[in-house]
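Here is a short, friendly briefing to read alongside the sequence and the 3D view. Have both open as you go through the points below.

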Amino acid sequence: MKPFAYTRAETVEAAIAAEGALLAGGTNLLDLMKIGVAAPDRLVDISRLPLAGIEEVAGGLRIGAMARNADIARHPAVLARFPALAEALLSGASPQLRNAATAGGNVMQATRCSYFQDPASSCNRREPGSGCSAIGGQTRNHAVLGWTEGCIATHPSDMCVALAAYDAVVMIEGPGGRREAAMESFHPLPDAAGAGPAPLSPGEVITDIRLPDPGGMARNARYVKLRERTSFAFAIVSAAAALDLRDGRIAAARLALGGVAARPWRCRVAEQALVGQPATTESFARAAELAVQGARPSGDNAAKIELARRIAIRALSLAADGTPDRLAALPASVFAGENNG
Amino acid sequence: MTQTLQLKINGSDLRLDLDDPRATLLDVLRERLGLTGTKKGCDRGQCGACTVLIDGRRVNACLALALSHDGAQITTIEGLARGEDLHPVQAAFIADDGFQCGFCTPGQIMSAVALIAEAEAGLDPERIREGMSGNLCRCAAYAGITEAVLDATRALALEEERAA
């Protein structure tokens, strides 16, 4: 690991002024530093900023950027009103990592593209203009939506997929003041040359994430995640779904896909098509078709399009069945129903 | 620049000078303090061999920058036994053959101690397996590990009952 200077920021203002790589839980950044993908000259430790709170605000929720994944997933208001967020969080990483990883760090985590993670490979995201070794390589974890020849990486977060479905807003403070960005468009899509612009400008710090009142969707929300093993693995594809059902008809719907693009993929056309429809498999199948509209393989990964379509149907169907009072033993697993889910 | 680190490790207050901020908590435990019970497996947060408790929560020590945890209370495998008596989780791992080569075992035990304290898995083997998924065992002693966590959960509940 390259040597660096370490400072601790006690206030958000100090973090903005410090000009360095921000260290929160460290579960992603320290790992990238060990493998030589990240090499900051200065680490600014923001883990003690007073931003770890989780509060109910006017029916919605405010999650501080330093709240730990495990604490968010266990929070009574999250379990009661935003259960797909709890399920997404608990389907990711391991208990040890969830105890360290923060909400802000989760939003800012780097892609798990193995070529990005290998300094010997070409990567426009890591080194603009160097090319993309992923194209023509192993592309199981790569994009089928919104990609370019410049970059086919996906964003690996489960949490962000649920947040996008819940209409979450990322609150940011920086040298230019405060701004907010919708979770569903916070992460830039790649352009022809590479990964596109950075989601945060130098000096900017995520302070918290706000979720509006889920209204009638609170108990009809699920997260489903397909992966190579049922625990401690990144998604091949995943989906967060929430429904507001009135007498068996859909008054409002939310659907977002994970593992398919450089951002959580909110499926607004599919959502609109569900409004007024009966909550049936046929309705969900038509919506899922719309959700993957425009998808194309970025390599040997055409199967992900069909998998995403099926996972979208599964997530919508499970959401229609209602969120179970207690989350399944294997969160977000497609096999949960076969065990004791 | 030398920076000072204060930790309470297994009940003892320690003050250390660090001349390189790159040290992880795992490095400090093993290289500076000689507490080699905590193992370095993958060093990337994927295997769980380095699991310790930081302020009571299980964490991968390999991805914990030491300076970031200044002032924390750390419990390692060396701090678990009660004098000459093994901690009930340690005893259960022996009774139930929860290991073969033993390299992952300190991490497994620390993770199990925290899992039982979290009180979410109870006596459901599926929830225990899911809750222990951050700890890999290349000898695949998983069946014994699950049994050990079940037995230790029962033993600790009994202790609590008797104490009440």
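Phe99(B) sits in the loop that connects α2 (88-95) and α3 of chain B. Please keep in mind that this is a predicted model. With a relative accessible area of 34%, Phe99(B) counts as partly exposed, because that class covers values between 20% and 50%.

**A nonpolar patch on chain B**
- Phe99(B) joins Leu86(B) and Ile94(B) in a nonpolar patch on the surface.
- Together, these three residues offer about 260 Å² of accessible area.
- Phe99(B) can enter such a patch because its relative accessible area is 34% and patch members need over 30%.

**The second largest pocket**
- This pocket has a volume of about 580 Å³.
- Its lining counts 26 residues, and the closest to the pocket centre are Arg74(A), Leu90(A), Pro331(A), Glu120(B) and Arg127(B).
- From chain A, the helices α3 (69-74), α5 (83-90) and α6 (95-100) each supply at least two residues of the lining.
- From chain B, α3 (105-118) and α4 (125-131) each supply at least two lining residues as well.
- Sorted by class, the lining has 13 nonpolar, 10 charged and 3 polar residues.

**Cavities**
- How many cavities of 30 Å³ or more does the structure hold? There are 3 of them.
- The largest cavity encloses about 80 Å³ of space.
- Around the largest cavity there are 15 lining residues, and Cys113(A), Cys123(A), Arg125(A), Cys132(A) and Cys151(A) are the closest to its centre.
- The lining of the largest cavity is made up of 9 nonpolar, 5 polar and 1 charged residues.

**Loop residues with a positive phi**
- As background, most residues other than glycine have a negative phi.
- Asp247(A) has a positive phi, near 55 degrees, although this residue is not a glycine.
- You will find Asp247(A) in the loop between β10 (237-246) and β11 (249-258) of chain A.
- Is Asp247(A) buried or exposed? Asp247(A) is exposed, because its relative accessibility is 83% and the exposed class begins over 50%.
- On chain B, Asp43(B) also has a positive phi, near 65 degrees, and is likewise a residue other than glycine.
- Asp43(B) belongs to the loop between α1 (25-32) and β3 (51-54) of chain B.

Terms used
Residues numbered from 1 in each chain as written. Chains lettered and ligands numbered in written order. Predicted model: local features only at pLDDT ≥ 70, side-chain atom pairs only at ≥ 80, totals over all residues. Heavy atoms only, no water. 1 Å grid on protein atoms, 1.4 Å probe; cavity = no way out; pocket = protein on both sides within 12 Å on 5 of 7 lines; lining within 4 Å. Points joined across faces, edges and corners; volume = space filled by probe spheres on them. Helix = DSSP H or I, 4+ residues; strand = E, 2+ residues; numbered from the N terminus. Nonpolar A, V, L, I, M, F, W, Y, C, P; charged D, E, K, R; others polar. Patch = residues over 30% accessible without salt bridge, like charges linked within 9 Å, V, L, I, M, F, W, Y side chains within 5 Å. Areas by Shrake-Rupley, 256 points an atom, 1.4 Å probe, with all protein chains shown as cover. Salt bridge = Lys/Arg side-chain N within 4 Å of Asp/Glu carboxyl O. Buried < 20%, exposed > 50% of the residue type's maximum accessible area, 1.4 Å probe, protein only.
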